[in-house]
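Me: Please take a close look at one part of this model, the stretch around the end of a single helix. Then work outwards from there to the rest of the assembly.

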Amino acid sequence: MIPVEYAAWLCWAIPFAGSLFVPLVAKVRRRSVGWYAVAVTFLAVACTLSLISGMLGGHADAHVYSIPWMPALNIDLSVLVDPLSVMMANIAACIGLLIMIYSVNYMKKEKATPRFFFFMLLFIGGMLGLVMANNLLQMYFFWETVGLCSYSLIGFWYSRDDAAKAGMKAFIVTRVGDIFLLLGILLLYVNTGTFNFMEIKELIAAGAVSVPMLTISILMLIGAIGKSAQVPLHVWLPNAMEGPSPVSALIHGATMVKAGIYLVARIYILFSIVQPWLTTITYVGGITAFLAATMALTSSDLKRVLAFSTISQLGMIMSALGIGTELGWFASQFHVISHALFKSLLFLCAGVIMHVTHTLDLKQLGGLRKAMPITFIVSVIGAFSLAGIPPFSGFWSKDTIFEAIILANNVPLFILIFGTSVLTAIYSIRWICSVFLGERSAFLADHHIHDPSPIIYVPLILLAAASCITGFFKTPLEHYLGVHAEASMSGVLLASATSAVILAIAVPVAYYLYYKKRATSLFFARNLLNNPLYLLISNGYYFDAVYNKILNGVMGLAQFTCRVIERSGVQQFPYVVACGASKLAQGTLNYIESFLDRFVYVIAGGAVITAHKTHVHLDAFLDRFCYILAGGTVETARVTHEYIDSFLDRMVYLFAGKTVEHGQKIKKMHRGPLPDFVLAAALGFFLIVILLLLTALR
Amino acid sequence: MNIIDILLPTIVFTVCSLLTVPLLRLVRKTKFNPQHFMVAWVLLTFSAAAAGVFRIATEYFGQAESFLQISSVDTLLESMSTVFLVDTVSVYMVIAYLIVGSITCLYGVLHVSSQENLSERYYALMLMVTGTVIAATFSGDLLTLFIFWEATAAGSCFLVAYKKSRESLESALKYLVMVIIASGFIIYGLSLIFGLTGSLNFWTVRDVLLTTANPELLVVAFAFIIAGYAIETAIVPFHMWMPDAYTAAPDSASAFLSSIVDQGSYYVLLRVLLFILTPTAVVDWRFTVAIFSAITMTAGNLFALAQQNVKRMISYVCIADIGYNLIAITSITSIGLMGNLFFFFVAAMETALAFMVIGVFRKMGLETLDDLSGMGRKMPLTSVAFVCAALSFSGVPLFAGFIAKYMVFTSVLQSSVAWLAVVGVLNSVLQTSYFLRVIHYFYAKPAKSDVPFKEPKKLLVPIYCLVVIIVVLGLYPDLALDLLSAAAALLPT
């Protein structure tokens with residue numbers, strides 16, 4: 001047992017430090033890299049587990065341990081040990097450990113295992129650091145670390161174009177959210193002078209914040225929306241399936257997407273007074289839950305169904321957070337735990353299935369029940385938990401969410417979540433049916449299908465077992481998180497009734513549609529597939545298309561402005577201005593082409609006219625200037641040179657010759673003509689003067 | 001402390017630079033390896049100058065006043081004489097120049113082969129320019145500042161023209177013409193200031209301006225001076241010489257110029273705006289500068305996005321950086337000043353690092369994004385260094401760029417032009433996207449040919465020095481911020 005004050009630091013420092021040694025271990029003994037990573041994660045788990053004991057001792061208030069980091073800015077490096085952070089840390093570390101064990105075998109045929117385990121360790125370390133952080137800046141550090149790791153892990157098979165693009169998409173989309181989060185954090189800092197959660201809470205209570213709280217809270221919420229893949233920033237998550245399955249399991253089950261939820265749950269204590277904020281969370285979550293559930297129903301990709309389901313479940317969690325009651329907050333955290341368990345389980349199962357069948361297309365799969373009994377059983381447990389079928393953990397947590405919604409009397413949200421739950425049950429049964437039940441498809445006929453090796457299925461069984469029993473720990477968890485929700489009999493009963501109705505609707509529908517396959521051939525093929533609604537859903541409500549349009553627009557704008565301003569714009573401008581004037585001067589100045597020339601011409605007067613006569617073929621001011629200068633100098637130099645053969649003269653001659661030579665070179669090769677530069681600078685100067693005149697003097 | 005003490009670093013650089021040409025020619029005639037000699041010579045010069053700076057710093061920190069003023073003439077004519085100034089800001093900047101300058105000069109020595117004809121002039125110019133930048137930073141009146149700054153610009157011009165190709169000569173000429181126009185603007189503005197105040201001494205000017213009866217005339221003077229320095233710092237739309245010059249200059253010269261001369265020019269702008277012409281109660285220039293900041297950031301990033309030539313892209317990033325710097329200058333807060341100074345240092349290292357890595361690639365004839373496809377696997381170490389620079393540019397935590405951007409954005413949120421923060425933040429997203437595009441080319445695209453490339457071990461040494469400093473400062477920014485918190489107190493109110 002490690003003392004709490006060390007464990008809180010070590011739990012994230014160990015994976016971080018451990019990841020640095022991965023290349024070294026790989027040099028010494030390449031095959032051991034996986035087990036090394038498992039050992040490091042195990043140490044982290046030992047730390048997080050020993051944090052729990054401190055929380056159970058009855059005094060569940062927060063402990064803060066800090067060391068100075070940037071004294072100049074009054075920022076400390078500190079960790080916060082409270083029930084919420086310890087809970088999230090344990091989810092991340094424990095599930096991370098199981099996924100690591102699974103990966104040792106799963107990834108053994110890959111070439112780049114050191115890179116994989118390096119980023120996995122960093123990923124877990126980043127997530128642990130994020131949940132343990134006591135101030136927003138430190139949290140943001142780890143927040144970005146997690147984002148970077150996800151980028152490299154999703155793009156792990158970077159030689160595949162799709163994977164590389166998916167990694168970039170995940171990074172950029174979440175970064176859009178991150179930037180807003182940073183803006184929110186900075187606004188808080190500017191107003192309160194601290195990043196510390198507890199201090200900010202006190203200052204807010206004291207009314208020290210002058211900027212509207214709504215602005216700050218919404219900005220920070222956008223960060224969470226990006227990370228937790230809520231509408232409209234959900235588009236990265238389905239593509240994130242391009243990564244290896246353990247990565248998907250880690251992203252969906254334990255780390256990345258939970259970070260957004262954690263952020264909202266954490267800043268909940270700061271902003272729970274802001275009613276519009278809560279309403280926004282509720283509806284962002286509710287709408288996300290419903291939209292993603294419909295997308296999961298129409299997707300025909302083994303892993304994408306699960307990805308859409310993650311978005312949908314996270315939406316439910318978000319909406320529960322937004323209810324604003326203590327029970328709603330608790331329900332969301334409860335569902336975080338059960339979702340972490342069943343979703344990582346399902347992804348690991350999907351990884352196994354993909355490993356033996358080499359396909360992700362649900363239409364090509366089917367009838368794997370007999371060949372893979374263990375995988376079948378654990379998948380069914382996972383899917384039933386997802387569908388909310390008792391006694392698995394998903395049922396209990398979903399039930400709690402319904403209880404919270406019913407007690408809050410929020411009818412629109414109830415309808416959204418009710419619809420989501422029906423769809424969830426249908427698509428989870430569909431998933432099971434199309435992978436395991438029915439006849440083996442022709443595609444799989446020549447595959448040798450078998451259950452995986454024990455190293456792989458032991459984590460699966462552990463996760464399945466946890467999914468079975470976690471639901472019964474509702475009361476201890478309530479006690480642990482320090483939530484004192486009023487037990488309301490009517491709420492519990494109504495919630496149970498709702499769950500029963502959901503199952504009563506969903507199970508028969510799913511049974512007929514997917515198990516009996518009554519409707520598929522007739523109904524779907526003819527009507528649904530060409531239905532505009534179906535098209536809308538299967539194209540993901542056209543979010544991607546719109547974003548692509550915007551991106552292309554920005555790119556086009558960049559190229560356009562670059563072309564216009566950099567090359568032609570400044571050149572064109574003088575023509576427009578000079579157009580009228582040039583008509584007047586045409587008789588004498590018809591060979592002069594640029595504004596600057598004419599300017600010089602007016603000033604230089606007669607002297608220039610003679611110069612023009614000799615240099616009619618030259619059309620740019622600069623060249624002519626060089627010629628006049630050089631020609632004159634050469635002439636003098638030559639004459640002088642004949643008489644006085646001195647060193648200095650030769651220098652002048654050399655210089656003059658060179659000038660002519662380079663003048664000719666320059667004439668041949670123009671990038672952006674110099675007069676344009678001067679003109680742009682002149683325009684800038686006028687802009688300065690105008691702005692100053694308008695604003696500077698009071 | 002007398003005037004010799006303060007000029008000592010500059011004198012060291014100048015003398016060493018003059019000695020470089022004959023010494024290197026001598027060494028070439030012996031069996032001694034000229035490259036080894038030059039490495040030793042650069043290190044010797046920089047450590048001698050560092051010793052001089054160290055002496056100034058100890059003397060300055062040993063005394064109670066917040067700045068030291070050293071003039072060449074006593075009492076009577078003090079307001080007319082050449083004055084030098086030592087305060088935390090200038091000491092910090094000079095330390096930054098020495099660190100980044102020594103690394104980029106070493107890179108220059110390793111990159112431009114010493115066997116190459118005329119290379120000794122190139123090295124001499126680098127040392128000379130470092131010396132003049134340091135003198136400009138220490139100067140305490142507007143005329144001294146102007147003179148040393150023009151010397152710097154002249155030296156930079158020759159660095160750009162070193163290759164004597166068409167492009168480099170053309171862009172050097174453009175640079176020269178722009179610099180001359182800029183000095184015209186500045187001199188005219190200075191003459192107006194002198195007319196208004198009767199002095200060019202920083203403190204006298206400031207004190208007189210605070211109570212000036214002629215704010216209209218001051219506006220005119222201000223406009224001219226700012227336009228002049230805007231050309232030298234390449235604020236959009238005064239920027240057009242810069243991409244040409246940096247693209248055409250030798251690769252090591254781009255790294256050197258972007259890290260030393262560019263940062264020096266920001267410093268000059270900061271000094272002039274914040275410390276000398278600052279009385280915002282008299283002339284409120286904040287909105288004007290804010291507009292230019294927004295234009296500069298946006299244009300720099302948009303143009304960078306549109307580039308195919310990586311070196312040109314990095315030059316546009318330099319321009320975008322100026323926009324970020326202007327954000328912090330606009331805010332006139334202590335955190336903004338700290339952020340600015342930290343940003344100078346970090347941006348110097350980032351751009352130097354990026355140019356140095358690009359220099360390695362260009363030595364092999366790889367110039368455009370397409371050429372760089374698949375380089376991540378062929379030259380892993382070099383590419384990783386570029387990735388570090390890119391992440392730091394985009395403001396990803398763990399790298400120093402994040403801390404710098406964080407301070408800059410915080411400062412502007414505290415000020416009256418908070419909308420600039422939004423523009424800046426959106427620009428950050430834009431910046432991330434085009435840097436990711438480069439990384440995408442590095443790692444995701446298949447390589448164009450199967451020719452194996454060898455990583456240049458020697459060139460990687462200075463490159464990785466910078467990577468280490470960027471990461472260390474990103475994790476523990478207090479190393480620099482500690483020095484800066486004193487600077488924040490200097491800000492005139």
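## From the end of helix 14 outwards

Reply: In this predicted model, G324(A) takes a positive phi of about 95° just after helix 14 of chain A. The helix that precedes this glycine covers residues 302–322. Helix 14 of chain A has 21 residues and spans 31 Å between its first and last C-alpha atoms, close to the 30 Å expected at 1.5 Å a residue. Of those 21 residues, 20 are buried, so helix 14 of chain A is largely enclosed by the rest of the structure. For chain A as a whole, 50% of its 698 residues count as buried.

Further along chain A come helix 15, residues 326–357, and helix 16, residues 373–387. Two packed helices are described by the angle between their axes and the distance between the axes. Here the axes come within 9 Å and cross at roughly 145°, and the crossing is left-handed. Helix 15 of chain A contributes S338(A), F342(A), L345(A), L346(A), C349(A), V352(A) and I353(A) to the contact. Facing them from helix 16 of chain A are T375(A), V378(A), S379(A), G382(A), A383(A), S385(A) and L386(A). Sorted by class, this contact holds nine nonpolar and five polar residues, and no charged ones.

These helices belong to a chain with 28 helices and two strands. Among chain A contacts between residues at least 6 apart in sequence, 80% join residues at least 24 apart.

Chain A also touches chain B: 54 residues of chain B are in contact with 54 residues of chain A. On the chain B side, the elements that give two or more residues are helices 6, 8, 9, 11, 16, 17 and 19 of chain B. Helix 17 of chain B gives the most, with nine residues. By class, the chain B side has 39 nonpolar, eight polar and seven charged residues.

One residue at this contact is D478(B), in helix 19 of chain B. Leaving aside neighbours within four places in sequence, D478(B) is in contact with W69(A), M70(A), P71(A) and A72(A). D478(B) has 19 other C-beta atoms within 10 Å and is therefore partly exposed; buried would require 20 or more. From D478(B) to S315(B) is 163 residues in sequence and 29 Å in space, C-alpha to C-alpha.

Chain B itself has 19 helices and two strands. A compact globule of 493 residues would have a radius of gyration near 23 Å, and chain B, with 22 Å, agrees. Its C-alpha atoms fill a box of roughly 70 × 55 × 40 Å along the principal axes. Buried residues make up 62% of chain B. Of the chain B contacts with a separation of 6 or more, 81% come from residues 24 or more positions apart.

Helix 2 of chain B, residues 34–61, gives another view of burial. This helix has 28 residues and reaches 40 Å from first C-alpha to last, close to the 40 Å expected at 1.5 Å a residue. Its buried residues are P34(B), M38(B), W41(B), V42(B), T45(B), F46(B), A49(B), G52(B), V53(B) and I56(B). An α-helix has 3.6 residues a turn, so residues three or four places apart point the same way. The cover over the buried residues of helix 2 of chain B includes helix 1, strand 2, helix 3 and helix 4 of chain B.

Methods. Residues numbered from 1 in each chain as written. Chains lettered and ligands numbered in written order. Predicted model: local features only at pLDDT ≥ 70, side-chain atom pairs only at ≥ 80, totals over all residues. Axes fitted to C-alpha atoms, helices over the stretch in contact; angles between N-to-C directions. Helix = DSSP H or I, 4+ residues; strand = E, 2+ residues; numbered from the N terminus. Left-handed = near helix turned anticlockwise from the far one by under 90°. Contact = placed C-beta atoms within 7 Å. Nonpolar A, V, L, I, M, F, W, Y, C, P; charged D, E, K, R; others polar. Buried ≥ 20, exposed ≤ 12 C-beta atoms within 10 Å, placed from the backbone. Expected span 1.5 Å × (residues − 1). Rg over C-alpha atoms; globule rule 2.2 N^0.38 Å.
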